[in-house]
Amino acid sequence: MAKKISSLEDLGGFVFSTNKDFDLNQKEETEETLAPNQQLLEAYLDKKNRGGKVATVIKGFVGTADDLKALGKELKNLCGVGGSAKDDEIIIQGNFRDKIMEYLKNKGYKVKRIGG
């Protein structure tokens, strides 16, 4: 079985690029987390690929992955259920859209209700 490559170091430090302006020493851009009053989140219910069960999905968070996971953990604790925070969205198991929207509004976020 082939070894999984997870970084450039796994390739032995060899990098090939056709970009003439490529800079090996450039740092990855880190996305800063916007203040809650500058964020517009969308809250909607989703049933797709969940065996008919409902999940509350929050999209539109702008910030680091750690801050997204921290907010996801707060929401999971608030509702007392499981969920996940990845791919710039927070998924909470169950129909907790109204409760989550109220909590986020109290924290200063702008939240838009999507769907029925």
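Which residues of helix 2 are buried? In this predicted model, they are Arg97, Ile100, Met101 and Leu104. These four cover an arc of only 100° around the axis, which puts them on the same side of helix 2. Several elements help to cover them. Among these are helix 1 and strand 1, which spans residues 40–46. Strand 2 (55–59), strand 4 (89–93) and strand 5 (110–113) are also included in the cover.

Now the overall layout. The protein has 2 helices and 5 strands. Along the sequence, these elements follow the pattern β-β-α-β-β-α-β. The chain counts 116 residues, and 24% of them are buried. Consider next the contacts with a sequence separation of 6 or more. Of these, 48% join residues 24 or more positions apart.

The two helices come next. Two packed helices are described by the angle between their axes and the distance between the axes. Here helix 1 covers residues 65–79 and helix 2 covers residues 97–106. Their packing angle is about 125°, and the axes lie 11 Å apart. Helix 1 is therefore oblique to helix 2. The crossing of the two is right-handed. On the helix 1 side, the contact is made by Leu71, Glu74, Leu75, Leu78 and Cys79. Helix 2 contributes Lys99, Ile100, Tyr103 and Leu104. By class, the residues of this contact comprise 7 nonpolar and 2 charged, with no polar ones. Two names recur here. Ile100 and Leu104 belong to the contact with helix 1, and both are also among the buried residues of helix 2.

Strand 4 is worth a closer look. Ile90 lies in this strand. Is Ile90 buried or exposed? Its relative accessibility is 1%, so Ile90 counts as buried. Leaving out residues up to four places away in sequence, Ile90 touches Thr56, Val57 and Ile58. From helix 1 to strand 3, its partners include Leu68, Leu71, Gly72, Leu75, Ser84 and Ala85. Leu71 and Leu75 also take part in the contact between the helices. A further relation spans 30 residues of chain: the C-alpha atoms of Ile90 and Gly60 are separated by 9.4 Å.

Ile92 sits in strand 4 as well. At 0% relative accessibility, Ile92 counts as buried. Which residues does Ile92 touch, not counting those up to four places away in sequence? They are Ala55, Thr56, Gly72, Leu75, Lys76, Cys79, Val81, Gly82, Gly83 and Ile100. Ile100 is one of the buried residues of helix 2. Leu75 is 17 residues from Ile92 along the chain, and their C-alpha atoms are separated by 7.6 Å.

Strand 3 runs over residues 83–86 and holds Ser84. With 24% relative accessibility, Ser84 counts as partly exposed. Beyond its neighbours within four places in sequence, Ser84 is in contact with Lys76, Glu89, Ile90 and Ile91. The C-alpha atoms of Ser84 and Val57 are separated by 9.7 Å, with these positions 27 residues apart along the chain counted as their spacing.

Backbone angles deserve a stop too. Most residues other than glycine have a negative phi, and most peptide bonds are trans. Asn49 has a positive phi of about 55°, although it is not a glycine. Asn49 is located in the loop between strand 1 and strand 2. Its relative accessibility is 84%, so Asn49 counts as exposed. Asp88 is another residue other than glycine with a positive phi, near 60°. Asp88 belongs to the loop between strand 3 and strand 4. Gly108 follows helix 2 and has a positive phi near 105°.

Gly108 also leads back to the start of the fold. Ala35 lies in the segment before strand 1. How far apart are the C-alpha atoms of Ala35 and Gly108? They are separated by 8.6 Å, while the two residues are 73 residues apart along the chain. At 33% relative accessibility, Ala35 counts as partly exposed.

Key:
Residues are numbered from 1 along each chain as its sequence is written. This is a predicted model: local features need pLDDT of at least 70, side-chain atom pairs count only at pLDDT 80 or more; totals for chains, interfaces and linings use all residues. Side-chain values use heavy atoms; hydrogens and water are left out. Axes are lines fitted to C-alpha atoms, for helices over the stretch in contact, and angles run from 0 to 180 degrees between N-to-C directions. Angles under 35 degrees count as roughly parallel, over 145 as roughly antiparallel, 65 to 115 as roughly perpendicular and the rest as oblique. A crossing is left-handed if the near helix is turned anticlockwise from the far one by less than a right angle, and right-handed if clockwise. Contact means heavy atoms within 4.5 Å. Ala, Val, Leu, Ile, Met, Phe, Trp, Tyr, Cys and Pro count as nonpolar, Asp, Glu, Lys and Arg as charged, and the others, Gly among them, as polar. Buried means under 20% relative accessible area, exposed over 50%, partly exposed in between (1.4 Å probe, protein chains only). The arc is that of the directions from the helix axis to the C-beta atoms.
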